[in-house]
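Here are my notes for your read-through. Please keep the sequence and the 3D view open while you go through the points.

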Amino acid sequence: MTARERQGPLDGMRVIDMSGMISGAFATTMMADFGADVVMVEHPKVGDPIREWPQKTEDGISLAWKSLGRNKRCITLDLGADRGRGIALELIEDADVVCENFRPGTMERWGLGPDDIHEVNERAIMVRLSGYGQTGPKAEKPGFGTVAEGISGWAHANGFADSEPLLPPISLADLTAAQFALQATMMAIYERDLGRGGSGKGQVIDVSLTEPLWRLFFGEVEAYDRMEYVSERNGNRHSSTAPRNIYETADGYMTMSASNQKIFERVAHAIEKPELIEDPRFEDNGSRIEHVEALDEEIASWTRRHTTEEAIEILESHDAIVGPVYDMEDIFEDEQFRARGDFVEVDDPDVGSLKTFAPIPKFSRTPGEVEFLGPQHGEHNETIYRGELGFSEEELASLEAEDII
């Protein structure tokens, strides 16, 4: 099989996606947005759990699935059955990437571990996402992003000083792991195909849910090692720069960050308090962090006297860096999102016309595309099994009768 022709920089790349839920699925969604031919494998009887996530249409169709499953062709296959294993290896024979996020040991138990995959395709990049990684004493424990958000230090750092640790409102550990998986896949393909002439060999990429989120705390490992420094919850403030906060206005809230001296001085002039620049409490970033409560009150006493629009207009006229706090309704109305073409409207057989994210980021010559939204369970069985693997009608019927597909 060859990858079907698509639009985008990854046109020609074929991905067999055996993952479910979010981490692996979001990584392959990004690949599919930019031209990869992603074939998603689901169990014949139990589809991806995201198909049941809210928000749902009146007909019970999950809009989360329509987003996460977009651009992927969906087939069903029982990977745990002998015939299913054989078909999976046929699919992998000419794949560039195989993605999975089962509990470590599951793929090996099914005869689909790295050795099995590289026996049929030594060029395959096998991307493995799991709670704790493929090695270590916790490797075989089940892991969800929520646990990773606690173990990575993220929940400890998130929230206000007088509140309990807070989890993020989105699946942050899964989505961050997905980005690391995507980056690692591109590195592995570069090494295989181009680096020093290209090794021509695939490899295994081991991505845990915990480590990518923890990796974002740059400087904090080093600070603990040298100073036994442990960060505390700062609410909307930043432990390394001030001022930085969400400030109340006369009709809502606004954001501001003044992370260097020049920007801070512009803010001081904008709020008509130039004396703050010479105040010893605020004379440099270190002093401002030490006296951040007093500094925030100086700023907030000004922002509360202005509407969000007025405050932003005044601050921006002084070249300060500020912005509003949006919800999704605001984003839909924002001229910048609209001008950037960040929404695309797609006709879908299940839900009709629907706006979704345009591929992000933007490519100048080879932009991505949204070809279709999340397909139905097993929608592409006929196309792939008969059209691309060459199964006969009788073989297909037999596989269906035995619940292999």
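Which residues have the most contacts inside the largest nonpolar core? The points below start there. Bear in mind that this is a predicted model.

1. **The main core.** Met 13 and Val 127 have the most contacts inside the largest nonpolar core, which has 31 residues. Five elements each supply at least two residues of this core: α1 (23-33), β4 (97-100), β5 (125-130), α8 (172-193) and β6 (204-208). The largest share comes from α8, with nine residues. In general, nonpolar side chains tend to be buried together in soluble globular proteins.

2. **Around Val 127.** Leaving aside residues up to four places away in sequence, Val 127 touches seven named partners: Val 97, Val 98, Cys 99, Glu 100, Ala 181, Thr 185 and Ile 205. Apart from the main core lies another one, of 28 residues. Among its members are Leu 77, Leu 91, Leu 389 and Leu 396.

3. **The sheet.** Six strands form an open sheet with parallel pairing. Their order is β3-β2-β1-β4-β5-β6. The edge strands are β3 (72-76) and β6, and each pairs on one side only. From one strand to the next, the twist averages 20°.

4. **One edge in detail.** How many bridges join β2 and β3? Strand β2 (residues 37-42) pairs with β3 in the parallel sense over five bridges. Val 38 stands opposite Lys 72 in β3. Helix α18 (residues 381-388) lies across β1 (14-17), β2 and β3. The helix runs at about 80° to β3.

5. **Cysteines.** The disulfide count comes to zero. Cys 74 is in no disulfide, and the nearest cysteine sulfur, that of Cys 99, is 14 Å away. Cys 74 is buried, with a relative accessible area of 0%. Cys 99 is likewise in no disulfide; its nearest cysteine sulfur is that of Cys 74, at 14 Å. Is Cys 99 buried or exposed? Cys 99 counts as buried, at 2% relative accessibility. The two sulfurs are 14 Å apart, and a disulfide needs them within 2.5 Å, so this pair does not qualify.

6. **Salt bridges across the chain.** The whole structure holds 33 salt bridges. In one of them, Asp 116 pairs with Arg 85, with the closest N and O atoms 3.7 Å apart. This pair links distant parts of the chain, 31 residues apart: Asp 116 sits in helix α5 (residues 114-120) and Arg 85 in helix α3 (residues 82-92). Arg 85 is partly exposed, with a relative accessible area of 28%.

7. **A bridge from the sheet.** Arg 128 forms a salt bridge with Glu 108, and here the closest N and O atoms are 2.8 Å apart. Arg 128 belongs to strand β5 and Glu 108 to helix α4 (residues 106-109), 20 residues apart. Arg 128 is buried, with a relative accessible area of 3%. Glu 108 is partly exposed, at 38%.

8. **A neighbouring pair and a network.** The side chains of Asp 193 and Arg 192 meet in a salt bridge (2.8 Å, N to O). Asp 193 is partly exposed, with a relative accessible area of 33%, whereas Arg 192 counts as buried at 3%. Elsewhere, salt bridges that share partners build one network. Its members are Arg 4, Arg 6, Arg 14, Asp 37, Arg 73, Asp 94, Glu 369, Glu 371 and Glu 388.

How values were computed:
Residues numbered from 1 in each chain as written. Predicted model: local features only at pLDDT ≥ 70, side-chain atom pairs only at ≥ 80, totals over all residues. Heavy atoms only, no water. Core = buried A, V, L, I, M, F, W, Y, C linked by side-chain atoms within 4.5 Å. Buried < 20%, exposed > 50% of the residue type's maximum accessible area, 1.4 Å probe, protein only. Helix = DSSP H or I, 4+ residues; strand = E, 2+ residues; numbered from the N terminus. Contact = heavy atoms within 4.5 Å. Pairing = 2+ DSSP bridges. Axes fitted to C-alpha atoms, helices over the stretch in contact; angles between N-to-C directions. Salt bridge = Lys/Arg side-chain N within 4 Å of Asp/Glu carboxyl O.
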